[in-house]
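Here is a short briefing on one protein structure. Keep the view open while you read.

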Amino acid sequence: MADQEPADEGLRLRKFIDVIVEDKVSFTLFRASIADISASGMRVISEQYLPTRTVYTFTFKRAPFFVFRGEVRWVRAFERDTFAVGVRFLDLSEADQGRLQQFLEIERQRVPS
């Protein structure tokens, strides 16, 4: 069921962020939560099983209202009927990369490690 988790590229910010997950192929929308995020990807907790190598659009439900495309890299059973899902960002523009990096820096300064 799970692919091997990729090596981490940089520090991850542990922060729960509600997102809307959209599968543009099947026109499906559902809710999930980001458990942690970095410049290259995020770990999402979902009640839906998200197959590996599938691409979804993730929309933050609050500021800064990012909209990112990401590919599922690994899936693990989490708690009860939920899954932890590793997502690698795809096609981030330079502007989005800059906004994401700024968001991560601001949040790291706000939240003590």
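**Where the barrel meets**

Strand β1 (residues 13-23) and strand β4 (residues 55-60) run antiparallel, and four bridges join them. Along this pairing, V19 stands opposite F60 in β4. This is a predicted model. The points below go through the barrel, the helix, the core and the charged pairs.

**The barrel**

- Six strands form a closed barrel. Follow the order β1-β2-β3-β6-β5-β4, with antiparallel pairing.
- Neighbouring strands of this sheet are turned by 45° against each other on average, ignoring direction.
- In general, strands of a sheet pair through backbone hydrogen bonds, and they can be parallel or antiparallel.

**The helix**

- Helix α1 covers residues 94-110. Helix α1 lies across four strands: β1, β2 (28-37), β5 (67-77) and β6 (83-90).
- Relative to β1, helix α1 runs at about 145°.

**The nonpolar core**

- How many residues does the largest nonpolar core have? It has 26.
- Seven residues have the most contacts inside this core: I34, I37, M42, V44, F58, F60 and L100. F60 has come up before, as the β4 residue opposite V19.
- Each of β1, β2, β3 (41-46), β4, β5, β6 and α1 supplies at least two residues of this core. Barrel and helix both contribute.
- Nonpolar side chains tend to be buried together in soluble globular proteins.

**The charged pairs**

- Side chains of opposite charge can pair when their charged atoms come close.
- The whole structure holds five salt bridges. Three of them follow, including one between buried residues.
- R43 pairs with D36 in a salt bridge, with the closest N and O atoms 2.9 Å apart. Are these residues buried or exposed? Both R43 and D36 are buried.
- R99 forms a salt bridge with D96, and their closest N and O atoms are 3.3 Å apart. R99 and D96 are three residues apart in helix α1, so about one helical turn separates them.
- Why does R99 count as partly exposed? Because its relative accessibility is 35%, and partly exposed runs between 20% and 50%.
- E105 forms a salt bridge with R108, where the closest N and O atoms lie 3.6 Å apart. Both E105 and R108 are in helix α1, three residues or about one turn of the helix apart.
- E105 counts as partly exposed because its relative accessibility is 36%. R108 has a relative accessible area of 26%, so R108 is partly exposed too.

Key. Residues are numbered from 1 along each chain as its sequence is written. This is a predicted model: local features need pLDDT of at least 70, side-chain atom pairs count only at pLDDT 80 or more; totals for chains, interfaces and linings use all residues. Side-chain values use heavy atoms; hydrogens and water are left out. Two strands pair if DSSP finds at least two bridges between them. Axes are lines fitted to C-alpha atoms, for helices over the stretch in contact, and angles run from 0 to 180 degrees between N-to-C directions. Contact means heavy atoms within 4.5 Å. A nonpolar core is a set of buried Ala, Val, Leu, Ile, Met, Phe, Trp, Tyr and Cys residues joined through side-chain atoms within 4.5 Å. Buried means under 20% relative accessible area, exposed over 50%, partly exposed in between (1.4 Å probe, protein chains only). A salt bridge is a side-chain nitrogen of Lys or Arg within 4 Å of a carboxyl oxygen of Asp or Glu.
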